[in-house]
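Colleague: I'm new to this one. Could you give me a close look at the DNA side of it, and then tell me how the rest fits around that?

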Amino acid sequence: MPELPEVETTRRQIAPIIVGRTIKSVKIHKGAERLAVTHAPHELEFTLTGRRIDALDRHGKYLIAHLDDGRAWVVHLRMTGSLVVAAVDKPHRFERAQLSMDDGVVVRFNDLRKFGTWHVVEDPRDAMPNVGPDALSDDFTVSWLREHLARRSVPLKSVLLDQKVAAGVGNIYADEACYIARINPRIKAHELGPRRVARLRDAIVTALQRSLVDGGTTFSNYMDGLGGAGFHKTHVHVFRRDGEPCDHCGSIIRKIRIAGRGTHFCPRCQKH
DNA sequence: ACTATGCCCTGGGTGC
DNA sequence: TGCACCCAGGGCATAG
């Protein structure tokens, strides 16, 4: 699942290759029409064609390509998407769209489950209306987090998945952050005191930064901007490690369900 | 305003 | 080998 570290890894890899280049052609494949949110597929292809990419930014899990006509091409990889730059060779099994750049480089959008989205908008914020500060930005402060936790009575895990609260955090890093902060993901958000909120904020940043060093986490489908895998999986503490011993205390990692999401934690290190 | 639920989508895994 | 079923989950729509 591409979350902040995976999307940022992709951005860093493909930005040097596509920024400054002009899009020569775009093809959204049959069956992947839902990819195009703001336009009909052929209109979106037409809209992108001939545009130069002036910058490639990221906010939370969104990639934002700034175009030379002032608009923005906003890409979300959702569950199984990846944006891969590759020399021309045989297409990936789950390729849903393809761009050719003016220097011959081909950018492939692969997405097994077809949940990914493309917007072309005047203002990138129009494509991500419910998104708050990026979790690795200076705007993601302890006081911001405290404010949002204080008015929510749902489990902490649910709040951490809310992109309005911490853009870029998804299921993997919500679990990892709770583990690093030694907080039970089931605790009601408003029950967290100031000290633990501060610890949690640091743990979120730590979890994301550690993964970024490894190029993100690949469990099954995620591939980075060059078609490779992230290797943070080998450094994950709890996510999908249920049944295995905790790195710290040796207790068996448990898996429960919170807000419809698989949630992993150490019952001893994260008692409360 | 907050909370809960269902939907989208398809390969991989399991059980019979 | 085949078939039915369940699971994974980000973000949105909808209802309460």
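**Where the protein meets the DNA**

Modeller: Let's start with lysine 61: an N or O atom in its side chain sits 3.3 Å from a phosphate oxygen of DNA strand C. That falls under polar contacts, meaning pairs of N or O atoms within 3.5 Å; inside protein, one atom must be able to donate a hydrogen and the other to accept it, and residues adjacent in sequence count only if both atoms are side-chain atoms.

Before going on, a word on the ground rules. This is a predicted model, where local features need pLDDT of at least 70 and side-chain atom pairs count only at pLDDT 80 or more, while totals for chains, interfaces and linings use all residues. Residues are numbered from 1 along each chain as its sequence is written, chains are lettered from A and ligands numbered from 1 in the order in which they are written, and side-chain values use heavy atoms, with hydrogens and water left out.

Back to DNA strand C. Asparagine 171 puts a polar side-chain atom 2.8 Å from a phosphate oxygen there, while glycine 262 uses a backbone N or O atom, 3.2 Å from a phosphate oxygen of DNA strand C. There are 17 residues around this DNA strand, and His76, Met79, Phe115, Arg257 and Arg261 come nearest. Being "near" takes a heavy atom within 4 Å. Of the atoms of DNA strand C that come within 4 Å of the protein, 62% are sugar and phosphate. Two elements, strand 9 (254–258) and strand 10 (261–265), each give at least two residues to this surface; such strands are DSSP runs (E, at least two residues), and helices are runs of H or I with at least four, both numbered from the N terminus. By type, the surface near DNA strand C has five nonpolar, five polar and seven charged residues. Here Ala, Val, Leu, Ile, Met, Phe, Trp, Tyr, Cys and Pro are nonpolar, Asp, Glu, Lys and Arg are charged, and the others, Gly among them, are polar.

Now DNA strand B. The residues surrounding it include Phe94, Leu112, Lys114 and Phe115, and Phe115 also came up for DNA strand C. Three arginines reach phosphate oxygens of DNA strand B with polar side-chain atoms: arginine 34 at 3.4 Å, arginine 151 at 2.9 Å and arginine 152 at 2.4 Å. Sugar or phosphate makes up 71% of the DNA strand B atoms within 4 Å of the protein, and bases make up the rest. The surface near DNA strand B counts four nonpolar, one polar and five charged residues.

So what is the protein behind those surfaces? Chain A is assigned domain 1 (4–127) and domain 2 (142–265), with bounds from an automatic or database domain assignment. Their contact (heavy atoms within 4.5 Å) takes 21 residues from domain 1 and 19 from domain 2. Between them they bury about 1600 Å², 63% of it on carbon and sulfur atoms; that is accessible area (1.4 Å probe) lost on putting the two together, summed over both. Seven residue pairs are in polar contact across the two domains, with zero salt bridges. On domain 1's side, helix 1 gives the most, with 10 residues.

Helix 1 has a salt bridge too, with arginine 11 and glutamate 8 meeting at 3.0 Å, N to O. The cut-off is a Lys or Arg side-chain nitrogen within 4 Å of an Asp or Glu carboxyl oxygen. Because arginine 11 and glutamate 8 are three residues apart in helix 1, about one helical turn separates them.
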